[in-house]
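Student: Could you take one part of this protein and look at it closely with me? I would like to follow a single pair of charged residues and then see what lies around it.

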Amino acid sequence: MEDLAVAAKIILFVSIVNVWFFRASRGTQWRAGNAGNMKEEFKVYGLSETMMYSVGFLKVLSAIGLVVSIWFHALAIPAVSYTHLRVH
């Protein structure tokens with residue numbers, strides 16, 4: 001079961017990095033409206049470029065956390081849940 005969790009974390013990491021670093025400037029079949037890249041897609045949703053970079057930063061940071069959690073298991077638990085479990 002642990003091997004499955006590790007594989008899932010690696011797949012998620014690679015997928016997120018792929019979308020935010022290698023496919024951000026390309027059109028894909030999953031882009032909203034007629035968006036040809038990530039910036040245009042965020043505009044379709046009425047979101048700013050700053051929001052795009054903020055979301056991207058948080059997603060990539062989370063993906064890095066997932067990979068690091070392979071060795072440091074405490075990072076796999078979301079901070080809010082971890083705090084909630086420790087208080088109770």
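Tutor: Let us begin with Glu49, which in this predicted model has a relative accessible area of 43% and is therefore partly exposed, since that class lies between under 20% for buried and over 50% for exposed. Glu49 forms a salt bridge with Lys39, and the closest N and O atoms of the two are 3.5 Å apart. This pair links distant parts of the chain, because Lys39 sits in helix H2 and Glu49 in helix H3, ten residues apart. Lys39, with a relative accessible area of 39%, is also partly exposed.

The structure holds two salt bridges, and the other pair makes a useful companion. Arg31 forms a salt bridge with Glu41, with the closest N and O atoms 2.8 Å apart. Arg31 belongs to the loop between H1 and H2 while Glu41 belongs to helix H2, so this pair ties together parts that are ten residues apart in sequence. Here the surroundings are buried: Arg31 has 11% relative accessibility, and Glu41 has a relative accessible area of 12%.

Arg31 also leads us to Asn37, a residue of the loop between helix H1 (2-22) and H2. Leaving aside residues up to four places away in sequence, Asn37 touches Ala24, Ser25, Arg26 and Arg31. A polar atom of the Asn37 side chain lies 2.8 Å from the backbone nitrogen of Glu40.

Turning now to nonpolar residues, we find that the largest nonpolar core has five of them, namely Trp20, Met38, Phe42, Met52 and Val60. Helices H2 and H3, the two that carry Lys39 and Glu49, each supply at least two residues of this core. Phe42 is a good residue to select on your screen, for, not counting residues up to four places away in sequence, Phe42 touches Trp20, Leu47, Ser48, Met51, Met52 and Val55.

Between helix H2 (38-44) and helix H3 (49-68) there is a loop, and Tyr45 is placed in it. Tyr45 counts as exposed because its relative accessibility is 56%. Together with Val44, Leu47 and Met51, Tyr45 makes a nonpolar surface patch of about 380 Å².

To place this part within the whole, note that the protein chain has four helices and zero strands, and that buried residues make up 19% of its 88 residues.

How values were computed. Residues numbered from 1 in each chain as written. Predicted model: local features only at pLDDT ≥ 70, side-chain atom pairs only at ≥ 80, totals over all residues. Heavy atoms only, no water. Patch = residues over 30% accessible without salt bridge, like charges linked within 9 Å, V, L, I, M, F, W, Y side chains within 5 Å. Areas by Shrake-Rupley, 256 points an atom, 1.4 Å probe, with all protein chains shown as cover. Salt bridge = Lys/Arg side-chain N within 4 Å of Asp/Glu carboxyl O. Buried < 20%, exposed > 50% of the residue type's maximum accessible area, 1.4 Å probe, protein only. Core = buried A, V, L, I, M, F, W, Y, C linked by side-chain atoms within 4.5 Å. Contact = heavy atoms within 4.5 Å. Polar contact = N/O pair within 3.5 Å; in protein donor to acceptor, adjacent residues only side chain to side chain.
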